[in-house]
Structure formats: structure tokens, C-alpha cells
Amino acid sequence: MLFAIIIGGLIGYAFGKFPGFLIGAAIGAFLLNLLKRRLIGKLQSIQSGFIESVFAVMGALCKVDGVVSRDEIQMAEAMFVRFRLNEEQKAKAKTAFNRGKEPDFDLDAELNRFLQASGRQPAFLQMFLQVQVSAVAADGKVHPAEHEMLVKIARGLGLPESQVDQLEAMLRGAHTNRAGAGQPSSADQISDAYKVLGVSPSASDDELKKAYRKLMSENHPDKLAGRGLPESMREMAEERTREISHAYDVIKEARKKSA
């Protein structure tokens, strides 16, 4: 802010000496504050749109089998807690979730609304999809009808089907890692690790490292927060980076043993 005031003041001074300096400094401060308000307003708009669209699509996803069970409702409520939503945000999330359950809910329109609000930022779109996968697979499993719906959501966001496979593999890895910490990685775990990093088992070590660093950079929680990701969803962003790191470690260990 001081820099903007000084620059404004110097410009003013060039035209009107000391009085011009004061006027220019005041204008500089005003313009900076205006810019900050607009940026904050844009971030708040993105965050509000993110939460509402997340829960609206979640409601539609939970009803894909024809009925929303009590377990699925409890899952949505658990998400309220996990995302640390305040009372106003909870009310909006519940309204959005119920809207998503309605027979006339327009999934494509909702996804398009989110695309516009998020600026189509890839990391945002992936995080949106990650929330949906986590919601329907709290037990570590994704059923066929749910998988098909997730693929439809991914396509609506302009993401490849492989993103769904990647996230499902990441979810399996998280559950396996918690259940069998310290145990040798199985062939399925290694296969899932390659899916998480989005590379083929035939990829070179350099290609593997490049893919890993790219994903870690794209999904860094601080970077996502700066782009408008709600602070309440930071935990999920951190979880994603942990699973990316874990997948990389699994592959490195497997390659070390087979060398």
C-alpha cells in the first residue's frame, strides 16, 4: 500500500508540487483499496459458488441409485463439519444439497455455473471432483452407478475420465495406507500409485519425478487458497498432496526393490 501511495504522490508532485503530492498520494491509496475490495469480493464469490455447487452436485450424486439413504445424509452432514462451515454456510449447503436431489435438477447447468465462477482453473476443477469422489466413497469403494455419474461430472467439467480413475485410486491408497501402514505395497497398490501420478509404469524415473513435481505444484494448498479455495477445504487439499507424495514413495520403493 505504501508503494502505491508513494507512486501516486510522485505523479501528483510532478504536476502540482507538494499539494499535488498529497492529492496524488490520496488517489493512490484510494485506488489500491478499491482494487483490494474487488479482489476480496471476487475470492468470496468463488468460495460461495464452490460450496453451493459442491453440495448441489453431491445431492444429485447421492440420488443416482434412486434414493438418498440416511447414511448419505449423514455423510453430507459430516462434510459440513470437515469443511468447518459456519451456520450461514451450512444453511446454503443444505439448501444446495436438497436442490441437487430434485428430479428437475440440471446437472449440466450447475457444472457450467461452477466453471464460470472458478475461471476454469484446473486445480479447482480437480478439487471439486475430489470432493464428489470422497463423498460417495467414504468406505473406500465406488459403486458402478456412482462411477458412471462421476465420469459424467468429470466430462461436464472438461476433465478426462482418467481423472476419476486417478481420484478413486488415490482414495483406495488412503484407505490402504491407514489400514496397513508399514506393510509392503501390493501389485494393486503400485498400479494405483501410477494412476495417482497419471503416468505409465513404463515411464522413466525423470518422467516420474516431473509428473510428481507438477502435481505437487498444481495442488499446493497455499497456491489454491490464493486462487480462492475456501480455507475450510484446505484439509482436503493437504490430503491430496499427501496422497500424491505417498504414491511417489510407493513407486520409488517398488523400483528400488526391482532394480
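Just after helix α6, Gly158 takes a positive phi of about 80° in this predicted model. Helix α6 itself covers residues 144–156. The helix has 13 residues. From its first C-alpha to its last, α6 reaches 18 Å. That span is close to the 18 Å expected at 1.5 Å a residue. Several side chains of α6 are buried, among them Met149, Leu150, Val151 and Ile153. Glu146 and Ala154 are buried in this helix as well.

The protein chain holds eleven helices and zero strands. Read along the sequence, its pattern is α-α-α-α-α-α-α-α-α-α-α. The chain has 259 residues, and 41% of them count as buried. Its accessible surface comes to about 14,100 Å². Carbon and sulfur atoms account for 56% of that surface. Contacts often span long stretches of sequence. Among those between residues at least 6 apart, 71% join residues at least 24 apart.

Gln130 offers one view of the packing. This residue is found in helix α5, which covers residues 122–136. Its relative accessibility is 4%, so Gln130 counts as buried, the cut-off being under 20%. Leaving aside residues up to four places away in sequence, Gln130 touches Leu167, Met236, Glu239 and Arg240. Two of these names, Glu239 and Arg240, belong to residues with charged side chains in the list of contacts.Salt bridges form the next topic. The count comes to seven. One of them joins Arg255 to Asp205. The closest N and O atoms of this pair are 2.6 Å apart. Arg255 lies in helix α11 (residues 234–258) and Asp205 in helix α9 (residues 205–218), so the pair ties together parts that are 50 residues apart in sequence. The two partners differ in their cover. Arg255 has 18% relative accessibility and therefore counts as buried. Asp205 is exposed, with a relative accessible area of 51%.

A second salt bridge lies within one helix. Arg113 pairs with Glu110, and their closest N and O atoms are 2.6 Å apart. Both residues lie in helix α4, which covers residues 107–118. They are three residues apart, about one turn of the helix. Arg113 has 46% relative accessibility and counts as partly exposed. Glu110, at 2% relative accessibility, counts as buried. The pair also belongs to a network of salt bridges, in which Arg99, Glu110 and Arg113 are linked.

A third salt bridge involves Arg155 and Glu161. Here the closest N and O atoms are 3.4 Å apart. Arg155 is exposed, with a relative accessible area of 58%. Glu161 is partly exposed, and its relative accessible area is 34%. Residue 155 falls within the range of helix α6, residues 144–156.

Technical notes
Residues numbered from 1 in each chain as written. Predicted model: local features only at pLDDT ≥ 70, side-chain atom pairs only at ≥ 80, totals over all residues. Heavy atoms only, no water. Salt bridge = Lys/Arg side-chain N within 4 Å of Asp/Glu carboxyl O. Helix = DSSP H or I, 4+ residues; strand = E, 2+ residues; numbered from the N terminus. Buried < 20%, exposed > 50% of the residue type's maximum accessible area, 1.4 Å probe, protein only. Contact = heavy atoms within 4.5 Å. Areas by Shrake-Rupley, 256 points an atom, 1.4 Å probe, with all protein chains shown as cover. Expected span 1.5 Å × (residues − 1).
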